[in-house]
Amino acid sequence: MAEKEVVETSEAEIAVHWQEEDYVYPSPEFIAQAWMTDKSIYDQFSLENFPNCYKKYADLLDWDEYWHTILDTGDAPCWKWFVGGKLNASYNCIDRHLAKNKNKTAIHFVPEPFEDKYEHITYQELYVRVNEFAALLRDFAGLKAGDRVTLHMPMVPELPITMLACARLGVIHSQVFGGFSGTACADRIVDSQSRILITMDSYYRSGSLLDHKQNADVALKNAEKNGQKVDKVLVWQRYPGKASSPTEMVSGRDYFVNEVLKDYYGKRVDPVSMPAEAPLFLMYTSGTTGKPKGCQHSIGGYLSYVTATSKYVQDIHPEDVYWCMADIGWITGHSYIVYGPLSLGASTVVYEGVPTFPDAGRPWKIAQDLDVNIFHTAPTAIRALRKIGPDEPAKYTYNFKHMTTVGEPIEPEVWKWYHKVVGKGQAIIVDTWWQTETGGFLCSTLPAITPMKPGSAGPGLPGIHPIIYDEEGKEVKKGSSKAGNICIQNPWPGAFQTIWGDRQRFVDTYYARYCKDPNSKRWQDWPYLTGDAAVEAPDGYYRILGRIDDVINVSGHRLGTKEIESAALTVNEVAEAAVVPVAHEIKGIEPDLYISLKPGFDASAELAQKISNTICDEIGKIAKPRTVWIVTDMPKTRSGKIMRRVLGAISNKKDVGDVTTLANPEIVTQIQEMVRN
Ligand code: WTA
């Protein structure tokens, strides 16, 4: 069993415990059109009917060969869903829609520059482009089923095209968030042993065309240093036929996709029929130790789960225009921009840029232009749009029937603005709680069945049976509104299969904590530890308080405090580093960094800047600390451990509690004064 991580200050600790709010009900118009209105759905998916209830989800897909075993628990806790089944994800997301809907828009692409035209890619065009690129991947890059390939791409249609081309061949894609640095990309190349990197020369962000190609050069250099050589870099051009990056191409290694692709025009590639439990993709996420974990998601289980939840929770109908403003580089984008919506044959929007460019009216203009009626975003974006442009939504004539919030707890105040102003009082809201590991939603209201409650995610979805345990492993009384560690009692098809190349870490991190018998092959003995603290209200609604481990959630993006600390420690002058979460008005949580220096070095603004820059280079701008506090010493226990709990309290302007037992209590007042000023 894994040793319990000692976390001295966590998000859950600084969580705001707001009041339980009153229910808000969906309109009769919404209910009349909703996919899921049958209240018996919760019974159909009760634990007694588990796992057979999930046949309903599998049957939303087209299978080349139908499965024979719904859930195989023989290799517990690595669950296998729909065993014996064969299918192809790209076939399910594209080919099966062609007969009736080839002329329908699959992807609406909105470039960030105001003057650039929107692109509307039909299912037929998506089919053609995915086939041609799949042929290139197979014949030019030499990729075959089971190979891993790293993608480091921005929010452009070429990203879903690349993902689907990989899926067509059974190649496992690993997309690294475009905003991550070349160094962060290198770590993921090495861990997944990719020999091909697919990237883009440049993209727009807040009005400037960024040189993205340079990150590929850094990534390759670092990957090679760590033992993974990349043979080919495939570079999409942001403007085909035009050079948009000043970084040189390396001859014999770097290839412009647009040039090579000419040899593959008109080519068709049969979708490779893959076992349901073969991996579809890896998605790296931050954990409690420094190294990011490659969460491995399956083809059959994952695709059925995101298809079903897109249908029943997102309520996506064929005539809807659906826009999820997340980045495809995160799990939300994989599940709810690409795989879920396309599997349903929907029209999905891909927006390149930031929501507030050039002003806070941008999202509502896009919604108006495309007649978007389902909108999906995160609290951090809602807070920012509310702060900068509270009156903007009223200026545009769009109509949302449905809106989603995801990624962080949402304050009831912010929820109400989202509902009243963005949703114009008409749209229903689902607050969906889930994780990279879980593939799709865990808790949420069902939009036409369970009423909304601002600030609460809602009950477990049908088939998801949460349970809250205390530190000792005793169940916290149901509906008692007492905080504890929220777990899921049963497996579900969307759950990740393992951590790439590290089964032991998978078991230790997610299943060891509350496992009833490590030799058991029964799923009942393996509750899944989510790593979040939560409370359950008497009505069965869950409110998520935040992470209980060393992970912090900045603007809805997961970062490991250990990752940031190790980046800081690469700076020569730095002796010790400690990161703590701080509450932030827009971002929800922000990292605050405390540093002590090696003897002989002095604190200066330049040094603080250098440390901050190093973190941006090592990880990416999203990890930039709020402040780098260079302190003369860290508050420490007598055994020399840094007391992050004390630093966390100081950063959040909270009571530091009793510090008299520290080795150096006098330092606390000194740091407090520094932070206060
Ligand atoms: C947090 C994002 C409150 C939670 C899909 C979880 C949320 C982590 C919510 C996963 C929500 C996600 N309310 N907190 N609706 N959704 N979280 O892996 O702490 O990037 O563990 O997946 O975000 O972040 P990840």
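Okay, let's start inside the pocket: the side chain of asparagine 553 has an N or O atom 2.9 Å from an oxygen atom of the ligand. Keep in mind as we go that this is a predicted model.

Asparagine 553 has some company here. Arginine 547 puts a polar side-chain atom 2.8 Å from an oxygen atom of the ligand. Then there's glutamine 435, where an N or O atom of the side chain sits 3.0 Å from a ligand oxygen. And how much of the ligand's accessible area does the protein cover? On its own the ligand has 530 Å² of accessible area, and the protein covers 97% of that.

So who is standing around the ligand? There are 17 residues in that shell, and the closest are Asp431, Thr432, Thr436, Asp532 and Arg558. If you sort the shell by class, you get six nonpolar, six polar and five charged residues. Some pieces of the fold give at least two residues each to this shell: helix 12, which is 331-343, strand 20, which is 428-432, and strand 25, which is 542-547.

Let's move on to strands. Find strand 22 on your screens, residues 484-488. Is it mostly covered or mostly open? Mostly covered: five of its five residues are buried. Now look at its partners. Strand 21, residues 466-469, pairs with strand 22 in the antiparallel sense, over four bridges. One spot to click on there is proline 466, which stands opposite isoleucine 488 of strand 22. Strand 24, residues 528-536, also runs antiparallel to strand 22, and five bridges join the two. In that pairing, asparagine 485 faces alanine 533 of strand 24. A quick bit of background: strands of a sheet pair through backbone hydrogen bonds, and they can do that either parallel or antiparallel.

You get a mix of the two in another sheet. Eight strands make up this open sheet, in the order 12-11-8-6-7-14-15-23, and the pairing is mixed. Which strands stand at the edges? Those are strand 12, 254-256, and strand 23, 498-499; each has a single partner strand, so one side of each is left without a neighbour in the sheet. At the strand 12 end, three bridges join it to strand 11, residues 232-236, and those two run parallel. There you can spot leucine 234 standing opposite tyrosine 255 in strand 12.

Next up, cysteines. How many disulfides do we count? Zero. Take cysteine 295: its nearest cysteine sulfur belongs to cysteine 78 and is 12 Å away, so there is no disulfide, because the cut-off for one is within 2.5 Å. Cysteine 295 counts as buried, because its relative accessibility is 0%. Cysteine 515 is in no disulfide either, with the nearest cysteine sulfur, that of cysteine 487, 12 Å away. At 11% relative accessibility, cysteine 515 counts as buried too, because the cut-off is under 20%.

Now some backbone oddities, which are fun to hunt for. Which residues does a cis peptide bond join? Phenylalanine 50 and proline 51, with omega about 0 degrees. You'll find proline 51 in the loop between helix 3, 41-44, and helix 4, 55-58. There's also a cis bond from phenylalanine 357 to proline 358, where omega is near -5 degrees. Proline 358 sits in the loop between strand 17, 347-351, and helix 13, 362-370.

Helix 13 deserves a stop of its own. Its buried residues are Arg362, Pro363, Trp364, Ile366, Ala367 and Leu370. If you wonder about the spacing, an α-helix has 3.6 residues a turn, so residues three or four places apart point the same way. Just after helix 13, aspartate 371 takes a positive phi of about 55 degrees.

A positive phi turns up in serine 206 as well, near 50 degrees, and serine 206 is not a glycine. Serine 206 is in the loop between strand 9, 202-205, and strand 10, 208-211. Aspartate 315 has a phi near 55 degrees, again positive in a residue other than glycine. Its loop runs between helix 11, 300-312, and strand 16, 321-324. Buried or exposed, then, for aspartate 315? Aspartate 315 counts as buried, because its relative accessibility is 1%. Serine 206, at 47%, counts as partly exposed.

That's my tour, so grab the structure and have a look around.

Definitions and conventions: Residues are numbered from 1 along each chain as its sequence is written. This is a predicted model: local features need pLDDT of at least 70, side-chain atom pairs count only at pLDDT 80 or more; totals for chains, interfaces and linings use all residues. Side-chain values use heavy atoms; hydrogens and water are left out. Buried means under 20% relative accessible area, exposed over 50%, partly exposed in between (1.4 Å probe, protein chains only). Two strands pair if DSSP finds at least two bridges between them. A residue is near a molecule or strand if one of its heavy atoms lies within 4 Å of it. A polar contact is a pair of N or O atoms within 3.5 Å; within protein, one must be able to donate a hydrogen and the other to accept it, and residues adjacent in sequence count only if both atoms are side-chain atoms. Accessible areas come from the Shrake-Rupley method with a 1.4 Å probe; for residues, only the protein chains shown count as cover. Ala, Val, Leu, Ile, Met, Phe, Trp, Tyr, Cys and Pro count as nonpolar, Asp, Glu, Lys and Arg as charged, and the others, Gly among them, as polar.
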